[in-house]
Every structure is written in C-alpha cells, then in structure tokens.
Amino acid sequence: MLTGAAFLSQGAAVSGLMRADEDLNLGVNGFLKYEIQGQTVYLTTTHISILIIMAMILVFAIIANRAIKKADPTKEPGTFMNIVELLVESIDKLTVSNMGAKYGPRFSNYIGALFMFIFCSNISGILGLRPPTADYSVTLALALMTFVIIHFNGFKHQKLKHVTDLFHPLLLTPINIIGEFAVPVSMSLRLFGNIMSGTVMMTLVYGLIPRVLTLVWPSVLHAYFDLFSGAIQSYVFCMLTMVFTKNAIAEED
C-alpha cells in the first residue's frame, strides 16, 4: 500500500506527465472552420505555414528581380546580387549535370522553385512554424507533381513506348507497374518521415527540458534537424525528380 506522501508524489508525477503530454502537440491544429457543400474544412497550421513561406519566397523573388533590373553590368555586384547569382548558377549546374545540356535548362525553373519551397519548409521550424513537409498531404502533393512531370515527358518523348516498356519482360509486368506507382509513394514518405521525425524530436526536447535550457541548448539540434537534414532532404527530392524525369525521356545528349 502507498503511504500518503508516496501517493501524493505519484499523483504529482502523473499530473506532470499529463501536462507535458498536453504541451507536446504533434498534430495539425485547425483554427478556422468552414462549411463547403456539407463538408467541414479547416484552416490549419500547415496552411498558415505554407502561406508565410510562399510570401517569403515571393518577397525574395521580387527584390531579386528589381535588383537584377537595376544592376549595372560595368560595376562589381553587391552581396545580395552575389547570393542571387550563386543560387541561379548552382541550380543550373545541378540540372545540367543530372539531365544533360539539352534538357537541364528546361527544368531549371521547376527544380529551383521546388528546392526553394522544400528547403524553406524544412527549416521553418527555426522560425517557430510547424514545417509543412511534416504533413504527409504536402509531401504527397509534391510527389504527385513530380509523378505527373515524369510521365508527361515520358509520353512526350517516347510516345506509346513509354507504356509498352512496362510489358518487357512480360513476366515482370506486375512488378514494373507497381514500381511506377511506388515512385510518388516512396518520395513522399521519405521526405515526410525525415522531417516529421525531426519535428517529433524537437517537440519532445522543448516539452521535457526546463524552460531556461530552451534558450540555448536546442540550437544545436536545430542546426542538425532543420538546417542539415532539411538541406539534404531537399537535395534528395530534387535529385530523384531529375533522375526519374531523365530516365522517362530516355535520350542521350
């Protein structure tokens, strides 16, 4: 039997765990509720984070566009222009090295926009936002976009051969078909799993350590889970997009 002090101690511990559990919210919260054709639709933390990230990218693009128009080619570019040129050159080199000189430039805009959105989404936890890529619906939508681009270019460049190749050899046809539909599933789950795991870890850290330590110590974990892991996963997703699209085109430069 428990003594009175032990009972109170156990009750306090359980109460503390309950409060910690309430603070550790890993789900997507709804803020505003709408009724559309009998269906309840919510404005969630994911939507808010996406809007903020899109606004940041849009502001950066507008500023970069104005800076490029006002740039004097006879003068040395400033720091901001050097950053913009570095981003553009890096994306161009990445697409050309993976898709060839013929098709790489055609996909530079899409790959650049895709990388910027995924990277900004992955590191948005540093700004106190819930990363949109920690929501599977977002990563699945990105993977389905890539899936459509892959097969659109497959039909565009290979015509019906893009489909008939699935039946060679005939015995492996089911595996070939499953493999095609597994592409968006694997890409979306890979991105979602890595970002969600980092979100879970950071939520546990902030919920379980003293408030004073959250001012300094978690910054090291943010550097890994948000910056390093976020950059790697953005690169992997874009790399797979280029490789699968190039294979669907099936042409050598």
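In the predicted model, Phe115 counts as partly exposed, at 24% relative accessibility. Phe119 falls in the partly exposed class as well, with a relative accessible area of 23%. The two residues lie four positions apart in helix 3, so about one helical turn separates them. The count of aromatic pairs in the model comes to four. One of these is formed by Phe115 and Phe119, whose rings are stacked, with 5.9 Å from centre to centre and 5° between the planes.

A further aromatic pair involves Phe147 and Phe181. Their ring centres are 6.0 Å apart and their planes differ by 35°, an arrangement classed as tilted. This pair links distant parts of the chain, since Phe147 belongs to helix 4 and Phe181 to helix 6 (residues 173-208), with their positions 34 residues apart in sequence. The two partners are not alike in accessibility: Phe147 is buried, with a relative accessible area of 18%, whereas Phe181 counts as exposed at 54%.

The overall architecture was examined next. The chain contains seven helices and two strands. Read from the N terminus, the elements follow the order α-β-β-α-α-α-α-α-α. The chain has 253 residues, of which 33% count as buried. Its accessible surface amounts to about 16000 Å², and carbon and sulfur atoms account for 70% of that area. When contacts between residues at least 6 apart in sequence are considered, 67% of them join residues at least 24 apart.

One link across the sequence involves Gly100, which is placed in helix 3. Gly100 counts as buried, because its relative accessibility is 14%, under the 20% limit for that class. The C-alpha atoms of Gly100 and Lys246 are 8.6 Å apart in space, although 146 residues separate the two in sequence.

Helix 4 (136-158) was considered in more detail. The helix has 23 residues, which at 1.5 Å a residue should span 33 Å; the C-alpha atoms at its ends are 32 Å apart, in agreement with that expectation. The buried residues of helix 4 are Val138, Thr139, Leu142, Ala143, Thr146, Phe147, Ile150, His151, Asn153, Gly154 and Gln158. Phe147 is thus both a buried residue of this helix and a partner in the tilted aromatic pair with Phe181. After the end of helix 4 comes Lys159, which has a positive phi, near 60°.

Asn153 is another residue of helix 4. Its relative accessibility is 8%, and Asn153 therefore counts as buried. With neighbours within four places in sequence left aside, the contacts of Asn153 are Phe107, Gln158, Thr245, Ala248 and Ile249. Gln158, one of these contacts, is itself listed among the buried residues of helix 4.

Side chains of opposite charge can pair when their charged atoms come close. The model contains one salt bridge. The bridge is formed by Lys161 and Asp165, with 3.1 Å between the closest N and O atoms. Both partners fall between buried and exposed: Lys161 is partly exposed, with a relative accessible area of 47%, and Asp165 is partly exposed as well, with a value of 32%.

Part of the surface is occupied by a nonpolar patch of about 980 Å². The patch is made by Phe31, Leu32, Tyr34, Ile36, Val41, Ile48, Ile52, Met56, Ile126, Leu127 and Leu227. Two or more residues of the patch come from each of strand 1 (30-36) and helix 2 (45-70). Strand 1 supplies the largest share, with four residues. Ile126, also a member of the patch, is located in the loop between helix 3 (79-122) and helix 4. The relative accessible area of Ile126 is 43%, so this residue is partly exposed.

Definitions and conventions:
Residues numbered from 1 in each chain as written. Predicted model: local features only at pLDDT ≥ 70, side-chain atom pairs only at ≥ 80, totals over all residues. Heavy atoms only, no water. Patch = residues over 30% accessible without salt bridge, like charges linked within 9 Å, V, L, I, M, F, W, Y side chains within 5 Å. Areas by Shrake-Rupley, 256 points an atom, 1.4 Å probe, with all protein chains shown as cover. Salt bridge = Lys/Arg side-chain N within 4 Å of Asp/Glu carboxyl O. Buried < 20%, exposed > 50% of the residue type's maximum accessible area, 1.4 Å probe, protein only. Contact = heavy atoms within 4.5 Å. Phe/Tyr/Trp six-rings, centres within 6.5 Å; stacked < 30°, edge-to-face > 60°. Expected span 1.5 Å × (residues − 1).
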